[in-house]
Every structure is written in structure tokens, then in C-alpha cells.
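Me: I'd like to practise reading features off a model. Can you take me through a few, general idea before the particular case?

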Amino acid sequence: MRIRRASDADFGEIKRMDAAIFPGDSGLDIDAQYWVAPGAAFAAAKLLEEEGLLYLYRAGVLPKARGRGLQKRMIRARLRWGRANECAQAVTFTTNWNTVSMRNLIRCGFLPYTPSFKWAGEGVVYWARDL
């Protein structure tokens, strides 16, 4: 399954996938950059240029497409984009119960860390890796 940078024309599909994967949680950000595996998955990231950070923002894989390595491939695509944009580090977070995402982040070189400011709140695990 091909992963590519999303265009404006993909945003409707991304919104539908987001609603199916995260019902009741409207967490999409129009200012983020998105990647899409059409009909299967999406992921978002933001450049925090002043801090030299890549923020992996949101990702989801539809149930029918799980188990094919799409989340890891989406993580790696965003890391390449962060490196190309001269980010020094990538950061993200997971909920405490999302062990699938935790394993994929670890496989992609992320380690848990404690930020000085808990920007995603309590009850989450914060992750970082150097680029």
C-alpha cells in the first residue's frame, strides 16, 4: 500500500478516516501536514521550527488495514520529512493504553521522556528521538 503526502483534495477522506478511527474525538488540525495511504490510514505532523522539533501529531489505521506495518511506515515518512526540514528531534505522545503505537514508536527509535511542560496533559506517555 502506497503512502504519500496528502493534498488538499485528500482532506475529506482524512476527516472520514479520523471519524471512523477516533469517534467523538475531533483532533484534526488544518495547519498540520498529512500523509495518507488512501482508504487505509493517515498521519499528521507539524514543524515546531523555533524549537527545532518535529511533532508527530495524529495517526490512524482503519481496522481493515491493520497488521500491515502502515503505522511504522507513516512514522518513518514523517521522520524523513523532519530531517529534510532540519529538525533536531521528533516528539509525540500516546495514551497509556495504546501499546500498539508504543511498540511502533520504540521500533522506530523513540524512547519515553519527561517533558518540562506536559503539553498533552496527564495520563499519557511522552516519546522523543533524535533526528
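Me: Let's begin with the cysteines. How far is the sulfur of Cys87 from the closest cysteine sulfur?

Reply: The general idea: a disulfide is a covalent bond between the sulfur atoms of two cysteines. This is a predicted model, and in it the closest cysteine sulfur to that of Cys87 belongs to Cys108, 16 Å away, which is too far for a bond. A pair would have to come within 2.5 Å to count.

Me: And how many disulfides does the structure hold?

Reply: Zero. Cys108 is in no disulfide either, its nearest cysteine sulfur being that of Cys87.

Me: Are these two cysteines buried or exposed?

Reply: Cys87 counts as buried because its relative accessibility is 10%. Cys108 is buried as well, at 4%. The cut-off to keep in mind is under 20%.

Me: On to charges, then. What should I look for in a salt bridge?

Reply: Side chains of opposite charge can pair when their charged atoms come close. The count here comes to five salt bridges. Try Asp18 and Arg58: their closest N and O atoms are 2.6 Å apart. That pair ties together distant parts of the chain, with Asp18 in helix α1 (residues 11-21) and Arg58 in strand β4 (residues 53-61), 40 residues apart.

Me: Which residues are linked with Arg58 in a network of salt bridges?

Reply: Asp18 and Asp25. The side chains of Asp25 and Arg58 meet at 3.4 Å, N to O. This one also joins distant parts of the chain: Asp25 sits in the loop between α1 and β2 (33-37), 33 residues from Arg58 in strand β4.

Me: How do the members of that network compare in accessibility?

Reply: Take them one by one. Asp18 counts as buried, given its 4% relative accessibility. Arg58 is buried too, at 12%. Asp25 has a relative accessible area of 38%, so it is partly exposed.

Me: What about Lys118, which residue does it form a salt bridge with?

Reply: Glu122, with the closest N and O atoms 3.7 Å apart. Lys118 is partly exposed at 38%, while Glu122 is exposed at 63%.

Me: Let's turn to helices. How do I check the span of α2?

Reply: Multiply the rise per residue by one less than the number of residues. Helix α2 (residues 70-84) has 15 residues, so at 1.5 Å a residue it should span 21 Å; the end C-alpha atoms are 21 Å apart, which agrees.

Me: Which residues of α2 are buried?

Reply: First the general idea: an α-helix has 3.6 residues a turn, so residues three or four places apart point the same way. In α2 the buried ones are Leu70, Gln71, Met74, Ile75, Ala77, Arg78, Leu79, Trp81 and Gly82.

Me: What is the phi of Glu86, just after α2?

Reply: Positive, at about 60°.

Me: One last case: what does Ser101 touch, leaving out residues up to four places away in sequence?

Reply: Gln71 and Thr94. Gln71 is one of the buried residues of α2, whereas Ser101 lies in helix α3 (residues 99-107). With a relative accessible area of 11%, Ser101 is itself buried.

Definitions and conventions. Residues are numbered from 1 along each chain as its sequence is written. This is a predicted model: local features need pLDDT of at least 70, side-chain atom pairs count only at pLDDT 80 or more; totals for chains, interfaces and linings use all residues. Side-chain values use heavy atoms; hydrogens and water are left out. Helices (H or I, at least four residues) and strands (E, at least two) are DSSP runs, numbered from the N terminus. Buried means under 20% relative accessible area, exposed over 50%, partly exposed in between (1.4 Å probe, protein chains only). Contact means heavy atoms within 4.5 Å. A salt bridge is a side-chain nitrogen of Lys or Arg within 4 Å of a carboxyl oxygen of Asp or Glu.
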